[in-house]
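Got the viewer open and a hand on the mouse? Load the model, show it as a cartoon, and we'll walk through it stop by stop.

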Amino acid sequence: MPAPLDRKIRRILWPAQEPELADAGRAGEVVIARGRLFVAALLALPGVITWIRFPNNLQGPIGIALALVATAVGFPILRRAHRGEGGNYLGLSSVLLDITLITLYQLLLLLGGDAESALHSRITFTLYALAITVSALRYDGRLVRVAGLLAVGEYLGLIAWANASGHVYDALGHRISGSGLRSQLEYSIILLTATALASVIVDRAQVLRLSGIRDPLTQLANRGYFHERAHQELARTARTSRPSTIAMLDIDHFKVVNDHHGHAAGDLVLITFASVLRSTLRASDLIARLGGEEFAVLLPETSLENARITLEAIRATLRETHVPLASGKTVQVTFSAGIAVWPQDGTGVLKLLQVADDRLLAGKRGGRDVVVAVG
């Protein structure tokens with residue numbers, strides 16, 4: 001059944017992000033949240049100095065007020081980022097916060113009659129460019145584009161309002177330099193250039209990230225990334241006190257496929273098996289190829305019984321799947337699996353993998369094509 005038009009448009013404008021990139025983006029959000037607090041502290045200092053030296057200058061009190069707002073909002077964002085909460089919504093709200101605070105600074109200066117500072121502040125456009133560029137740390141090109149377009153849109157909107165309301169004229173009725181169309185275009189080009197640069201950085205970072213954590217044949221996570229992510233998920237599981245399970249899976253008689261049909265056929269079997277796992281499991285589940293025909297699956301917030309039911313469903317699906325070979329023949333694939341649950345079978349990744357592997361071996365000794373969930 002074809003996807004509705006609104007869903008197709010959403011996929012074009014806001015394409016889904018790879019789970020591995022989302023993990024890296026959460027780590028980047030922590031760095032950005034810390035940096036936001038650091039920058040807020042730095043900006044508060046010159047605001048205090050300006051206020052002391054020039055009590056009638058609005059830049060000082062406005063800068064201090066916005067630095068306090070950024071700090072007050074920044075600490076809750078940092079806490080959520082540390083906990084891995086919020087996902088893309090946290091990143092999007094952070095982008096909106098950063099860009100809008102910068103625009104608000106200019107708006108308050110305009111309302112206070114200091115149009116010269118509002119239109120010629122080097123700090124303002126440095127912060128715009130910085131907010132756009134550091135968005136690349138989220139490993140999400142969508143958020144980089146949002147930051148750039150939002151900065152340009154808010155700036156042009158502010159200038160348009162200032163021109164329409166007459167805030168771009170001084171006390172003598174002369175237009176303030178920098179408020180014309182040429183200056184607006186120059187500043188917009190600078191911001192769009194920063195957006196393009198950050199987008200290129202994100203694209204390159206995504207390629208490097210995925211190539212380092214994915215198995216090149218099946219495009220599943222590799223062993224190193226599985227251990228890294230599993231440690232994080234189990235730490236989150238400990239906070240919620242909900243059970244999570246780890247399963248070890250092994251394709252039955254895989255050596256026979258390689259010996260009788262060749263390694264190309266073996267590769268097709270591995271790719272098919274990986275495809276079935278991806279299409280059956282949830283997006284929140286972690287699937288990895290540990291090596292050869294051995295796979296591991298992490299099912300967060302899943303009980304032992306529910307994990308067993310899920311793997312039994314995969315086993316039934318795979319039994320009905322016949323892998324077509326170049327020779328015209330087909331191969332039927334089965335697998336054996338062992339499951340371990342946190343915290344009953346262990347609280348660490350290595351312990352759970354060992355328990356799951358022991359149960360997997362018991363299943364293979366018992367005849368294969370089975371899921372073993374108890375010792």
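Start by selecting His253. This is a predicted model, and at 48% relative accessibility His253 counts as partly exposed. To place it, look at the loop between β1 and α10 (254-261). Now check the backbone: His253 is not a glycine, yet its phi is positive, at about 50°.

Next, go back along the chain to the loop between α9 and β1 (244-251), where you'll find Ser241. Here too the backbone deserves a click, as Ser241 has a positive phi of about 60° without being a glycine. Is Ser241 buried or exposed? It counts as exposed, with a relative accessibility of 59%.

**Zoom out**

Time for the whole chain. You should be able to count 13 helices and seven strands. The radius of gyration is 28 Å, well over the 21 Å that the globule rule gives for 375 residues, so the chain is more spread out than a compact globule. Turn it along its principal axes and the C-alpha atoms fill a box of roughly 95 × 45 × 35 Å.

Switch on a surface if you like. The accessible area is about 19000 Å², and carbon and sulfur atoms hold 62% of it. As for what sits underneath, 46% of the 375 residues count as buried. Take contacts with a separation of 6 or more: 71% of them link residues 24 or more positions apart.

Colour by charge next. There are 38 positive and 32 negative side chains, and the centres of the two sets lie 1 Å apart.

**Colour by confidence**

Now colour by pLDDT. The chain averages 86, and 92% of the residues score at least 70. Where is confidence lowest? Select helix α1 (residues 5-13), which has a mean of 59, then jump to strand β3 (residues 294-299) for the highest value, 96. Where pLDDT is low, don't read the predicted coordinates in detail.

**A buried arginine**

Select Arg214, in the loop between α8 (181-213) and α9 (223-240). Arg214 has a relative accessible area of 14%, which is under the 20% cut-off, so it counts as buried. What is Arg214 in contact with, leaving aside neighbours within four places in sequence? Show side chains for Glu18 and Glu20, then for Gln219, Leu220, Ala221 and Asn222.

**Along helix α2**

Go to helix α2 (residues 19-53) and pick out Ala41. Ala41 is partly exposed, at a relative accessible area of 48%. Draw a distance from its C-alpha to that of Ala67: the two residues are 26 apart along the chain, and the line should read 6.8 Å.

**Out to a short strand**

Now find Thr330 in strand β5 (residues 330-332). With 49% relative accessibility, Thr330 counts as partly exposed. Beyond neighbours within four places in sequence, Thr330 is in contact with His322, Val323 and Pro324. Try another distance here, this time to Thr240, which is 90 residues away along the chain: the C-alpha atoms are separated by 45 Å.

**Last stop: a cis bond**

Finish at Pro343, in the loop between β6 (335-342) and α13 (349-365). Which residue is joined to Pro343 by a cis peptide bond? Click on Trp342, and check omega for the bond between them, which is about 5°.

Technical notes. Residues numbered from 1 in each chain as written. Predicted model: local features only at pLDDT ≥ 70, side-chain atom pairs only at ≥ 80, totals over all residues. Heavy atoms only, no water. Helix = DSSP H or I, 4+ residues; strand = E, 2+ residues; numbered from the N terminus. Rg over C-alpha atoms; globule rule 2.2 N^0.38 Å. Buried < 20%, exposed > 50% of the residue type's maximum accessible area, 1.4 Å probe, protein only. Contact = heavy atoms within 4.5 Å. Areas by Shrake-Rupley, 256 points an atom, 1.4 Å probe, with all protein chains shown as cover. Lys, Arg positive; Asp, Glu negative; His and termini not counted. Charge placed at Lys NZ, Arg CZ, Asp CG, Glu CD. pLDDT = per-residue confidence, 0-100.
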